[in-house]
Amino acid sequence: MPTGLDQKPEIKQHPPKGRRLWPVLLLCCGLAAALCLWAVASARQSVAGPVPAPPPAPETPPASEPPRPTAPPEETVSAAPLYDFSQPAPEGGEAEEDYFSDAVFLGDSRTDGLRLYSGIRPGGVIYHNGLMVFEAADRENKCIKGADGQKHAVLELLEQNTYGKVYVMFGVNELGYGDDQAFYDTYGQFLDQIRQLQPDAVLYLQAIIPVNEEVAKKYDGRAYVTNAKITEYNTLLRQLAEEKQVVYLDLASALAGEDGVLPAEGTTDGVHFRREWYQKWYAYLRTHTVDAQTYWGSLSDPVS
Amino acid sequence: MRTRTRVCLLALCAALLTGCGGPTEGVKAYDPAAAAQALLDAKVFDQELEVLDADLAGSYLGLSSEPEEAVVYTSLEGGYEELAVLRMADAEAAAAALEAVQAHVSDRRESEAETQYKPEDLPKLEKALTEQAGNTVLLVVCADYDAAQKALDALGS
């Protein structure tokens, strides 16, 4: 009978101690190598910038998720500089005469003089002797006869055509009005109305050109026609130009003498001009234009 | 010899008739530049006037056809004094131009009556002188119509 002693106990043979460490070492080496490769790759990436990702495969977003806007292409052309509406239009190169072929001028008898004597040939002139901004802004005030023989409001005539530029000058007939706030507010409303009717036009606000008080008093003795009041109004108009984002044209500095007075040789009655001064006015307009693209790019709330 | 004399006399008569009669109906037309200058020299205007660029005459006066020659002066003072002498293509065009000029004056009179911009000019507008002579048209709005008429009479029209 075999005894248990004869039976060789089953001995589980363990590998020697050194041989058991090999797989662990190999695994460690593998991990170390992977770590090194990853570290090198990361370092390269941080120096060279992001590696362009392969184009994403087209995928349909889940119905619940709104489509993501495509990222805008990288801009390579620098944007045009913004126009500063708080400043008068700077002098630039002389515009061609046909620059004004799509321009309309709104104003009073001075604007009529510009039309008749300066040499300008604008697309339109809407004016009336003695016209004030209060009347021009009033759609019920049908004071100008149109081509159809009917009387129309200024705004009605304005909306009959499409213009690229609108030039506005009011104020000399309002000098004795006596309510600066009403002048400012109404002028502002008028500019808003123009912008609504002519959304594609560049708006120019022309300063009131000074008068020659001495000549004006001799002519008809109207004491309220003063350059002090014109300066006050022009300060308001400049503020208005900034607020409404329209181009301010400092014609006051351009046509008055160094003393701020309209020279006697430039006027017949102290208020209206002689031909040469109308030509100076036109010359100023030609050298103080604003590029339409710059204008539109500078509006904080363009209509169109 | 007789035949030659007859032909010469006929030619002379024809030339004289053409010179005296003007383009139409035997009425002497105005020479725009001479008539305008005569009125300016006669000092019939109180206001300072300035000549208009000729290409603006048609649109300024509301003409349906462009004049062949135009001399137009308007007030530099925002007033209503003015002077226009137009030479049109023919008497028919002149008749149309006369109507347009009269409508122009009427519009200005109406406008001034409403606005009272220069009330002292309203009587001048009410007496405005408009006239057709052959293929020409005359418009005068001035301060002294007697002197204006004398100046025009002196032109021999």
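Reader: Which residues cover the two faces of strand 1 of chain A?

Author: The model is a predicted one. In strand 1 of chain A, 5 of the 5 residues are buried, and the strand is mostly covered. Both faces take part: Val104(A) and Leu106(A) are buried on one side, and on the other the buried residues are Ala103(A), Phe105(A) and Gly107(A).

Reader: Which residue of strand 5 of chain A stands opposite Leu106(A)?

Author: Strand 1 and strand 5 of chain A run parallel and are joined by 5 bridges. Leu106(A) is one of the buried residues of strand 1 of chain A. Opposite Leu106(A), in strand 5 of chain A, stands Val168(A).

Reader: What is the bridge partner of Gly107(A) in strand 2 of chain A?

Author: Strand 1 of chain A also runs parallel to strand 2 of chain A, with 4 bridges between them. Within that pairing, Gly107(A) has as its bridge partner Tyr127(A).

Reader: In what order do the strands of the open sheet of chain A stand?

Author: The sheet has 5 strands, and the pairing is parallel. At its edges stand strand 2 (124–127) and strand 7 (247–249) of chain A, each with a single partner strand, so each has one side without a neighbour in the sheet. From one strand to the next the twist averages 20 degrees. The order is 2-1-5-6-7.

Reader: Which residue is the bridge partner of Leu205(A) in strand 7 of chain A?

Author: Strand 7 of chain A stands at an edge of the sheet. Its pairing with strand 6 (residues 202–206) of chain A is parallel and has 3 bridges. The bridge partner of Leu205(A) there is Tyr248(A).

Reader: At about what angle does helix 2 of chain A run to strand 1 of chain A?

Author: Strand 1, helix 2 and strand 2 of chain A together make a right-handed β-α-β unit. Helix 2 of chain A lies across strand 1 (103–107), strand 2 and strand 5 (165–169) of that chain. Its angle to strand 1 of chain A is about 140 degrees.

Reader: Is Gly123(A) buried or partly exposed?

Author: Gly123(A) sits in the loop between helix 2 and strand 2 of chain A. Apart from neighbours within four places in sequence, Gly123(A) is in contact with Ser101(A), Asp102(A), Ala103(A), Val104(A) and Tyr163(A). A buried residue needs 20 or more other C-beta atoms within 10 Å. Gly123(A) has 16 other C-beta atoms within 10 Å, so it counts as partly exposed.

Reader: Why do the buried residues of helix 9 of chain A line one face of the helix?

Author: Helix 9 of chain A (residues 275–287) has 13 residues and spans 19 Å from first C-alpha to last, close to the 18 Å expected. The buried ones are Trp277(A), Tyr278(A), Trp281(A) and Leu285(A). They line one face because, seen down the helix axis, they fall within an arc of 105 degrees.

Reader: Which helices are among what covers the buried residues of helix 9 of chain A?

Author: The residues to be covered include Trp277(A) and Trp281(A). Their cover includes helix 2 (109–117) and helix 8 (251–255) of chain A.

Reader: How far apart in space are Ala254(A) and Tyr284(A), C-alpha to C-alpha?

Author: Ala254(A) lies in helix 8 of chain A and is partly exposed, with 18 other C-beta atoms within 10 Å. Neighbours within four places in sequence aside, its contacts are Lys280(A) and Tyr284(A). Ala254(A) and Tyr284(A) are 30 residues apart in sequence, while their C-alpha separation is 7.2 Å.

Reader: In chain B, what is the order of the strands in the open sheet?

Author: Chain B has 6 helices and 5 strands. Its open sheet has 5 strands with antiparallel pairing. Strand 1 (49–51) and strand 4 (129–133) of chain B are at the edges with a single partner strand each, so one side of each lacks a neighbour in the sheet. The order is 1-2-3-5-4.

Reader: Which residue in strand 5 of chain B is the bridge partner of Ala84(B)?

Author: Strand 3 (residues 82–87) and strand 5 (residues 136–141) of chain B run antiparallel, joined by 6 bridges. Helix 2 (residues 32–41) of chain B lies across both of these strands and strand 2 (69–75), at about 160 degrees to strand 3 of chain B. The bridge partner of Ala84(B) is Leu139(B).

Conventions. Residues are numbered from 1 along each chain as its sequence is written. Chains are lettered from A and ligands numbered from 1 in the order in which they are written. This is a predicted model: local features need pLDDT of at least 70, side-chain atom pairs count only at pLDDT 80 or more; totals for chains, interfaces and linings use all residues. The expected span of a helix is 1.5 Å times one less than its number of residues. A residue is buried if 20 or more other C-beta atoms lie within 10 Å of its own, exposed if 12 or fewer, and partly exposed in between; C-beta atoms are placed from the backbone. The arc is that of the directions from the helix axis to the C-beta atoms. Two residues are in contact if their C-beta atoms, placed from the backbone, lie within 7 Å. Two strands pair if DSSP finds at least two bridges between them. Axes are lines fitted to C-alpha atoms, for helices over the stretch in contact, and angles run from 0 to 180 degrees between N-to-C directions. A crossover is right-handed if, with the strands pointing away from the viewer, the path from the first strand over the helix to the second runs clockwise.
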